[in-house]
Amino acid sequence: MNLMSEQDTVSFGFEQVSPDEKVDRVKGVFRSVASKYDVMNDFMSAGIHRLWKHDTMNRVNPQPGERHLDVAGGTGELARAFLTLADAAGKRRGDGRKATAIVCDINDAMLEAGKARDDNAKWGDRLSWVCADGTALPYPDRSFDAVTISFGIRNFADRVAGLKEFRRVLKPGGRVAVLEFSQMTAPMLQKAYDTYSFNVIPEVGKLVTGDRDSYQYLVESIRQFPDQDAFKAEVESAGFSNVSVTNFSGGIAALHFGWAI
Ligand code: SAM
């Protein structure tokens with residue numbers, strides 16, 4: 001007999017599971033794909049995810065001396081972008097203060113894949129790696145100037161608990177940027193997108209990583225994610241102000257940007 005009610009369950013792709021099971025199964029997904037994660041991202045999106053991340057970090061507008069936390073940061077792309085842009089801003093203004101960035105992820109395999117990258121060396125101890133759950137961050141209140149998360153919050157068992165943690169660790173005036181797959185705004189393209197998502201991505205995932213199921217989870221979890229307006233309401237409910245939404249590639253992805261005021 002199944003004693004679990006609807007309220008006790010959360011979506012794992014198209015399945016309903018307990019929150020603890022979702023956490024375990026998400027860990028399994030990313031442990032399985034960690035070593036091929038970056039290459040598979042480029043394959044699936046023809047590199048377009050880099051443009052979305054670039055636009056996201058321009059919006060964050062990193063500044064010299066700031067502290068950045070990238071939650072569910074995986075291999076550390078946003079953290080490196082933050083440091084690069086903060087240094088460029090400092091150079092333009094003759095401000096030599098050094099920004100720092102922390103990549104926080106629940107999965108040590110993803111962090112190890114990120115730590116192995118050659119382009120980390122130049123950052124020294126300005127770039128650090130922490131294994132932790134984004135819904136229970138190991139930092140005091142008001143620790144960071146900017147918190148970012150890209151393609152991570154969809155995997156949380158409790159999104160609003162995560163967003164509240166981001167709010168808690170931000171300093172007053174700090175900003176949050178949440179980049180996530182979203183819902184297409186052009187209905188004409190939906191069919192082609194669905195065909196690509198359900199027929200191509202899992203097969204390419206199998207070829208590149210040897211793991212079809214993880215990419216089946218990816219496409220299912222995207223369909224389960226709330227649309228732009230519903231997710232904006234979640235970000236606001238966590239205490240963020242002036243939340244704006246920017247669609248990328250016709251809503252395939254969207255940036256929700258807000259302020260801790
Ligand atoms: N942010 C990176 C990027 O954009 O390339 C990685 C995104 S990857 C699709 C999702 C990441 O979320 C994985 O590294 C996974 O381990 C992490 N993750 C999932 N649930 C998490 C949680 N509750 N707390 C922290 N990280 C989590």
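Student: How many nonpolar, polar and charged residues does the shell around the ligand have?
Tutor: In this predicted model, it's nine nonpolar, seven polar and three charged.

Student: And which residues of that shell are the closest to the ligand?
Tutor: Y37, A72, D105, G134 and S150, out of 19 residues that surround the ligand.

Student: What makes the S150 side chain a polar contact of the ligand?
Tutor: The cut-off is 3.5 Å between N or O atoms. An N or O atom in the side chain of S150 is 2.5 Å from a ligand oxygen, so the pair passes. The K53 side chain has an N or O atom 3.0 Å from an oxygen of the ligand, so that pair counts too.

Student: What about A72, where is its polar atom?
Tutor: In the backbone: a polar atom there is 2.8 Å from a nitrogen of the ligand. That's within 3.5 Å, so call it a polar contact as well.

Student: How much of the ligand's accessible area does the protein cover?
Tutor: 97% of the 600 Å² that the ligand has on its own. As for elements, α1 (19–33) and α2 (37–45) each give two or more residues to the shell.

Student: Away from the ligand, which residues have the most contacts inside the largest nonpolar core?
Tutor: W52, L127 and F181, in a core of 47 residues. Core members must be under 20% relative accessible area, so those three are buried. Skipping neighbours within four places in sequence, L127 is in contact with A79, R80, L83, A101, V103 and N120.

Student: Which residues are in the other core?
Tutor: Among its 25 residues are F144, I149, I153 and V176, and this core lies apart from the largest one.

Definitions and conventions:
Residues numbered from 1 in each chain as written. Predicted model: local features only at pLDDT ≥ 70, side-chain atom pairs only at ≥ 80, totals over all residues. Heavy atoms only, no water. Near = heavy atom within 4 Å. Polar contact = N/O pair within 3.5 Å; in protein donor to acceptor, adjacent residues only side chain to side chain. Areas by Shrake-Rupley, 256 points an atom, 1.4 Å probe, with all protein chains shown as cover. Helix = DSSP H or I, 4+ residues; strand = E, 2+ residues; numbered from the N terminus. Nonpolar A, V, L, I, M, F, W, Y, C, P; charged D, E, K, R; others polar. Core = buried A, V, L, I, M, F, W, Y, C linked by side-chain atoms within 4.5 Å. Buried < 20%, exposed > 50% of the residue type's maximum accessible area, 1.4 Å probe, protein only. Contact = heavy atoms within 4.5 Å.
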